[in-house]
Amino acid sequence: MIVEKLIRDAVLRIGEVCGVDGRRIYVLVDKNKNLSDMFLDGDILKNISVNSYIEIRKGFFSIIGRVEGENIEEEYRPPDRDLRETINKDKRILTVSLSGYIDEAGAFIGGTKELPLIGNEAYIVTREKIHLVHNLVHPDSPSINIATIFGEDFDIKFPIDGLFNSHIAIFGNTGSGKSNTLAALYRELIIELSARNPTAFIKNTRFVLFDFNGEYVGNSCITNAKTVYNLSTRNNDGDKLPMIEDGLLDIEVLSILADATDKTQKPFLRRMLRFYERIQNSHNSDEFLKNVLRNRVKDALQMSDKVRAFLLLDYFREILPLEDADGNLVEIDHDIDWHNTVSEFKLKGTSIFLAQSPDRISETTLYSHIKNFVLPDSLLSRLIVFLYLQLIVDVIANRAQNDHIAPVINRLKSKKQDIDKLFDLSDEAQFWSSNFVVINLDNVSLDMKKTLPLLLSRKLYAEHKRTRPTGSLNIIIDEAHNILSVNSSREAESWKDYRLETFEEIIKEGRKFGVFMTISSQRPNDISATITSQAHNYFIHRLINEHDLRTIASAVSYIDRVTQESIPTLPTGTCVF
């Protein structure tokens with residue numbers, strides 16, 4: 001037995017350590033170990049070469065490294081040496097980077113625990129130890145199998161614990177296989193967990209996938225037990241996302257939909273929501289609101305600032321109906337005039353000034369037309385009415401300027417049609433009709449493609465933190481550069497910062513609450529560096545762009561040079577994990 005081991009070690013030995021420079025090790029190869037193949041126990045072993053593994057034994061401790069390069073050095077001949085004496089002109093030196101070590105239990109551990117010493121022997125890594133190096137799964141732990149080692153003939157298993165309870169980044173150019181990798185990962189996860197305990201799987205796990213190109217909506221893609229929301233802003237034929245009315249009354253949700261700025265517009269929205277709540281909680285909300293309108297009309301018609309007074313008239317036009325009860329068009333200012341000398345409104349054709357005779361304001365069309373006002377059924381339309389009413393209050397109190405606040409109302413009005421097409425605000429609708437939901441954004445406008453994932457991710461993250469401390473939520477974003485880009489020029493800088501900060505908070509803080517992100521993109525350089533660097537596991541397919549490669553090198557600091565240089569030439573369906 002001892003003899004067999006000695007023979008085996010003699011065959012596998014390829015040299016010894018001749019230099020240690022930090023984590024970079026230099027190995028001098030024995031003269032007789034320069035063949036391409038070797039034989040052991042009837043098996044053909046590939047000899048050591050660039051990108052292959054090497055074992056360095058330090059006493060009873062096995063250190064595993066990877067060959068990054070090799071070169072030939074001619075042996076130094078001292079001046080006093082006999083010139084007729086033969087010297088070795090083929091000293092083969094390997095450059096090795098350390099990958100990890102094999103512990104006392106026989107398991108491979110990534111990282112550096114000890115460095116080798118000069119003179120430690122180096123050996124070819126046998127097939128058994130290659131399997132050990134690539135064994136990521138602890139005994140009896142759940143795993144999935146979606147891949148084989150490139151160039152080898154054995155499968156590799158990925159641990160479910162450690163992979164899916166982490167943030168995952170999948171990068172690769174178009175056609176490199178990244179979408180297939182994403183689909184295969186989650187398909188095998190669902191199959192494995194459903195087989196182990198279907199009840200616990202449905203109860204404790206939730207997945208939401210944002211699909212920008214409609215790639216994952218097929219019945220057999222990932223799982224046939226998924227809910228697909230085929231959204232559309234092009235027509236009314238699309239599905240609608242369930243959201244209870246209270247969800248739209250949340251200040252964060254409303255701020256996202258209106259692209260509100262933090263300093264000016266968000267406080268205005270907050271005041272409006274308080275005002276809305278006060279009206280809704282009143283005894284007779286319709287009559288209360290009409291009385292508020294009448295009081296604001298009185299204030300507006302007694303103003304002495306012409307610009308602001310006519311501005312308020314425009315706001316009342318936005319609130320009040322265009323026609324009276326008989327269907328006749330109503331021009332709310334047809335019976336009033338502005339007197340420039342006195343700087344106030346007066347009844348047309350009379351010398352009655354309204355600021356001096358406020359009791360006559362009730363005779364105006366504007367005041368009397370309020371009785372025809374009816375609050376719209378649509379929640380968003382109601383909120384727009386309250387926004388204008390709050391703006392009237394703020395302008396009268398000199399608290400807000402039109403130029404600062406009007407844009408947020410206009411943005412909400414411009415998105416009203418899209419929001420009505422995308423959201424179902426009835427209380428009966430349930431978002432989680434299954435635990436895997438695909439949001440198909442293929443037919444959604446560009447503005448809402450950026451807004452919806454942000455809105456939904458923030459809402460689901462907040463709900464999960466509040467109500468599901470033991471379950472998990474996986475947010476999966478395909479084509480993530482669409483919403484995580486730092487170079488977008490189509491939006492205000494403050495809004496872009498808010499969008500990125502939201503997702504950065506989820507990826508930095510979410511893991512402690514059981515919220516995990518998976519991002520897939522063909523342009524890692526466009527994505528926020530905070531997000532790319534916070535991923536725990538990377539699947540890197542072929543990337544050619546120099547900026548993308550540099551991003552990968554800085555985000556994945558432990559990737560070795562040879563692997564990094566191989567990324568632009570990876571075949572389709574092959575990736576670095």
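Strands here are DSSP runs of E at least two residues long, and helices are DSSP runs of H or I at least four residues long, both numbered from the N terminus. Everything in these close-ups comes from a predicted model.

**View 1. A loop puts Ile 118 on the surface.** Look for Ile 118 in the loop between β8 (108–110) and β9 (121–124). Its relative accessibility is 61%, so Ile 118 counts as exposed. Ile 118 also has company: together with Val 20 and Leu 115 it makes up a nonpolar patch on the surface. Taken together, the three residues have about 250 Å² of accessible area.

**View 2. Arg 13 and Glu 121 hold hands across the chain.** Here the two side chains meet in a salt bridge, at 2.7 Å from N to O. The partners sit 108 residues apart, Arg 13 in strand β1 (residues 13–21) and Glu 121 in strand β9, so this pair links distant parts of the chain. Which of the two is buried? Arg 13 is, with a relative accessible area of 18%, while Glu 121 counts as partly exposed at 32%. Two further residues join in: Glu 16 and Asp 30 are linked with Arg 13 and Glu 121 in a network of salt bridges.

**View 3. Arg 24 reaches over to Glu 68.** This is another salt bridge, and its closest N and O atoms are 3.0 Å apart. It ties together distant parts of the chain, with Arg 24 in strand β2 (residues 24–29) and Glu 68 in strand β6, 44 residues apart. Arg 24 is partly exposed, with a relative accessible area of 35%, whereas Glu 68 is buried at 6%.

**View 4. A helix meets a strand at Lys 129 and Glu 55.** The closest N and O atoms of this salt bridge are 2.7 Å apart. Again distant parts of the chain are linked: Lys 129 belongs to helix α2 (residues 127–133), Glu 55 to strand β5 (residues 53–58), and 74 residues separate them. Glu 55 counts as buried at 2% relative accessibility, and Lys 129 as partly exposed at 22%. If you fancy hunting for others, a search of the whole structure finds 28 salt bridges.

**View 5. Val 67 is tucked away in strand β6.** You will find Val 67 in strand β6, which covers residues 61–73. How much of Val 67 is accessible? Its relative accessible area is 0%, so Val 67 is buried. Leaving out residues up to four places away in sequence, Val 67 touches Ile 48, Ser 49, Val 50, Asn 51, Ser 52, Leu 94, Thr 95, Val 96 and Val 562. Now find Ile 25, which is 42 residues from Val 67 along the chain; the C-alpha atoms of the two are separated by 9.3 Å.

**View 6. Phe 431 sits in the largest nonpolar core.** This core has 112 residues, and Phe 316, Phe 431 and Ile 439 are the ones with the most contacts inside it. Helix α12 (residues 379–396) gives the most to this core, namely 12 residues. Another core lies apart from it, with 34 residues, including Ile 160, Leu 163, Phe 207 and Phe 436. Back at Phe 431, what does it touch? Beyond residues up to four places away in sequence, Phe 431 is in contact with Val 208, Tyr 229, Leu 241, Pro 242, Val 437, Ile 439, Leu 456 and Leu 460. In soluble globular proteins, nonpolar side chains tend to be buried together.

**View 7. Helix α9 has plenty of neighbours.** Helix α9 (residues 285–301) has 17 residues, which should span 24 Å at 1.5 Å a residue, and its end C-alpha atoms are indeed 24 Å apart. Its buried residues are Leu 289, Lys 290, Val 292, Leu 293, Arg 294, Val 297, Ala 300 and Leu 301. These buried residues pack against α8, α10 (306–319), β16 (336–339), β17 (344–347), α11 (365–368) and α12.

**View 8. Asp 259 and Asn 398 have positive phi values.** Neither one is a glycine: phi is about 50 degrees for Asp 259 and near 60 degrees for Asn 398. Asp 259 lies in the loop between α7 (251–257) and α8 (265–280), and Asn 398 in the loop between α12 and α13 (402–422). Are they buried or exposed? Buried means under 20% relative accessible area, so Asp 259, at 18%, counts as buried. Asn 398, with 60%, is exposed.

Notes
Residues numbered from 1 in each chain as written. Predicted model: local features only at pLDDT ≥ 70, side-chain atom pairs only at ≥ 80, totals over all residues. Heavy atoms only, no water. Core = buried A, V, L, I, M, F, W, Y, C linked by side-chain atoms within 4.5 Å. Buried < 20%, exposed > 50% of the residue type's maximum accessible area, 1.4 Å probe, protein only. Contact = heavy atoms within 4.5 Å. Expected span 1.5 Å × (residues − 1). Patch = residues over 30% accessible without salt bridge, like charges linked within 9 Å, V, L, I, M, F, W, Y side chains within 5 Å. Areas by Shrake-Rupley, 256 points an atom, 1.4 Å probe, with all protein chains shown as cover. Salt bridge = Lys/Arg side-chain N within 4 Å of Asp/Glu carboxyl O.
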